[in-house]
Amino acid sequence: MIQLNERKPILQAINLRHEYEARGQKIVALQDVNLTINAGDFVTVVGPSGCGKSTLAKIFAGLGTPTSGEALYAGKPIKGASSERGMVFQELAVLPWRTVVGNIGHGLEIAGMPKAEREQRVAELVRLIGLEGFEKKYPSELSGGMRQRVAVARTWATRPPVILMDEPFAAVDAITRLTLQEELIRLARTTKQTVVFITHSVEEAVFLGDYIVAMSSRPGRVLEIVPVPDMGINRTWEQMIRDPRIEAIVSRVFELVRGRAVAPSTERQHA
Amino acid sequence: MHRSSSLMHLPAWVVQTSSIFGLFLVWTVASRFVAEPAILPSPAASFQAMADLIARGTLTSAVQESLITLVIGCAICIICVVPFALSIAQSRQLAMILQPMVRFISCVPAIALIPLFIVWFGFSTKAVYATLFYTSAIPLLFSVITGVQKIPRVYADGLRPLGAGPFRIVRDVYLPGAMPGIEVGIRLALSYGWRAVIAGELIIGSSGLGRVLAQARAANQVDQIVAVMIAIAVLFLIIDRLILFPWNQLISSRWSSF
């Protein structure tokens, strides 16, 4: 954690609390959430469904406002969505009436980038995500994995300082998911992109993250921040599952999110 | 069982054509049976009457008048209603307040409003336009609102972090996303509108096919009445098949959800 503190904080949550009403009952989605994410970090947020992790991502994106507390971007309170914080959703958010290139270039088009430059940037991204030959296809003509690649590329295209990803691979089949995860790691590391990745899968969280924010079930609170040893850019699943350190982290995070952890090990928290 | 399955093997157009052919067969037999051309003219007599009306130029100019009224009226309706519907669909509260109001108004059939339109606009094409507008606006409004409400929220949410403002979101999400609803609305507007034009012209008697119908009735020319009826049906079939149907196919293929 010491090395992380040396970097500049980019996202901060201060005493965040979020409540909403469902069927006349008040539900506390987030409570006392304090979190600092530094520029260049790849953070994974993991927790059981209903722990408010998606709400947290929406608040950081500016698509939701907390009931109390503050969410800061670069030290300033977040007011509404902005192109500084991109977001990839679990559901298919790419527009079905736009082609692959139309979707990927959408953010650049909104930013007013000249057409020639935009086309060049989009072509690069298409190559990077391996969708050459599918440029003029509509999302309905693509597989689930390809569509999520388009969604990621659309957000990546504008190079926002922060990218929030809310379970982006949850709807993709297990084998494609592995490939997408490996590609994401490579993309994030080579571009030094700050990513906040929300997931309910402990393995995914451990595989992707520099550190893991483990959250409790309703009301959502941050239980512990678990660092992951650096596995390098070209980490693969095969390599990760054989590493005993990773195995230990996975079981620790499992204990946490299932609420079975014995008193949080102080040694790990201050590691 | 055997018969129905063998019917299935025929191409659809053969079945459809023979169905229409059957209608004419029944009509021929019925007109023979009635044997009174002043009550039910035979198909042959009706087509003869149609040919006469065309030769005199009555039918062609009436068709022109009615179609122009339909097209201009629907265009005005689309220009007024689509932006209105898009804006009220944005706000759930506004839609909630306005929908019962519009629903109540829509309970009054257009034909019942024609007397009012005659008082306001006289026996003129304006009264026909009013009837058409009233009839077409309501299904169009509801279709567009439904179309917008069917757009997944995540489409707009996904665009905001890309830097899209409200105007962008309407242009890039709501307008194209509501296309299937707009398309259904325009189809309904045209088909309801076509009926409204004929009914309006028939009662108001200003111009078009409705007036020819009214004149034929006054002159007791039943064969002409039937001829005009066929013209009305065929015209709408052509509009629907040649223009609206291909458009619908295009939209539903592109907009199909995953």
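Two strands are said to pair if DSSP finds at least two bridges between them, and with that in mind the residue pairs along this tour can be followed one by one in the viewer. A first pair to pick out is Val162(A) and Thr194(A), the latter being the bridge partner of Val162(A) in β8(A). The model on the screen is a predicted one, and this should be kept in mind at each stop.

**Stop 1: the six-stranded sheet of chain A**

Select the strands β6, β7, β8, β3, β9 and β10 of chain A, which in that order make up an open sheet of six strands with mixed pairing. Its edges are formed by β6 and by β10, the latter at residues 222–227 of chain A, and each of these two strands pairs on one side only. If you look at how neighbouring strands of this sheet lie, they are turned by 20° against each other on average, with direction ignored.

Now add helix α6, residues 144–157 of chain A, which packs on the sheet and touches β6 and β7 of chain A, while its direction makes about 175° with that of β6(A).

**Stop 2: strand β7**

Next, colour residues 162–166 of chain A, which form strand β7. Is this strand mostly covered, or mostly open? It is mostly covered, since five of the five residues of β7(A) are buried. Turning the strand shows that this holds for both faces: Val162(A), Leu164(A) and Asp166(A) are buried on one side, and Ile163(A) and Met165(A) are buried on the other.

On one flank, β6(A) pairs with β7(A) in the parallel sense over four bridges, and here Val88(A) can be found opposite Met165(A). The pairing of β7(A) with β8(A) is parallel as well and is made by five bridges. To trace it, select Leu164(A) together with its bridge partner Val196(A), and then Met165(A) with its partner Phe197(A).

**Stop 3: strand β8 and the helix before it**

Move on to residues 194–199 of chain A, which are strand β8, a mostly covered strand in which six of the six residues are buried. One face of β8(A) carries Thr194(A), Val196(A) and Ile198(A), the other carries Val195(A), Phe197(A) and Thr199(A), and every one of these residues is buried.

Which strand of residues 42–46 pairs with β8(A)? That strand is β3 of chain A, and its pairing with β8(A) is parallel, over five bridges. Within it, Thr44(A) has Phe197(A) as its bridge partner in β8(A). To see how the chain passes from β7(A) to β8(A), add helix α7, residues 174–191 of chain A, because β7(A), α7 and β8(A) together make a right-handed β-α-β unit.

**Stop 4: the four-stranded sheet of chain A**

Hide the selection and show β2, β1, β4 and β5 of chain A, which in that order form an open sheet of four strands with antiparallel pairing. The edge strands are β2, at residues 25–38, and β5, at residues 76–77, and each of them pairs on one side only. Strand β1, residues 9–22 of chain A, is joined to β2(A) by ten bridges, and the two run antiparallel. A pair to label here is Leu11(A), which stands opposite Ile37(A) in β2(A).

**Stop 5: where chain A meets chain B**

Bring chain B into view and look at the contact between the chains, where 23 residues of chain A are in contact with 17 residues of chain B. On the chain A side, the elements that give two or more residues are β6, at 85–88, and α4, at 106–110. The residues of this side divide into 14 nonpolar, seven polar and two charged.

**Stop 6: chain B**

Finally, select residues 63–243 of chain B, where an unreviewed UniProt entry places the feature "domain: ABC transmembrane type-1". Over these residues the chain is 87% helix and 0% strand, and the end C-alpha atoms are 18 Å apart.

The last residue to find is Ala55(B), which has its place in helix α3, residues 43–56 of chain B. Why does Ala55(B) count as exposed? The reason is that Ala55(B) has 10 C-beta neighbours inside 10 Å, and a residue is exposed if there are 12 or fewer. A distance drawn between the C-alpha atoms of Ala55(B) and Phe167(B), which are 112 residues apart along the chain, reads 54 Å.

Note on methods:
Residues numbered from 1 in each chain as written. Chains lettered and ligands numbered in written order. Predicted model: local features only at pLDDT ≥ 70, side-chain atom pairs only at ≥ 80, totals over all residues. Buried ≥ 20, exposed ≤ 12 C-beta atoms within 10 Å, placed from the backbone. Right-handed = clockwise from strand over helix to strand, strands pointing away. Contact = placed C-beta atoms within 7 Å. Nonpolar A, V, L, I, M, F, W, Y, C, P; charged D, E, K, R; others polar. UniProt positions renumbered as here; feature names shortened; annotations may be inferred. Axes fitted to C-alpha atoms, helices over the stretch in contact; angles between N-to-C directions.
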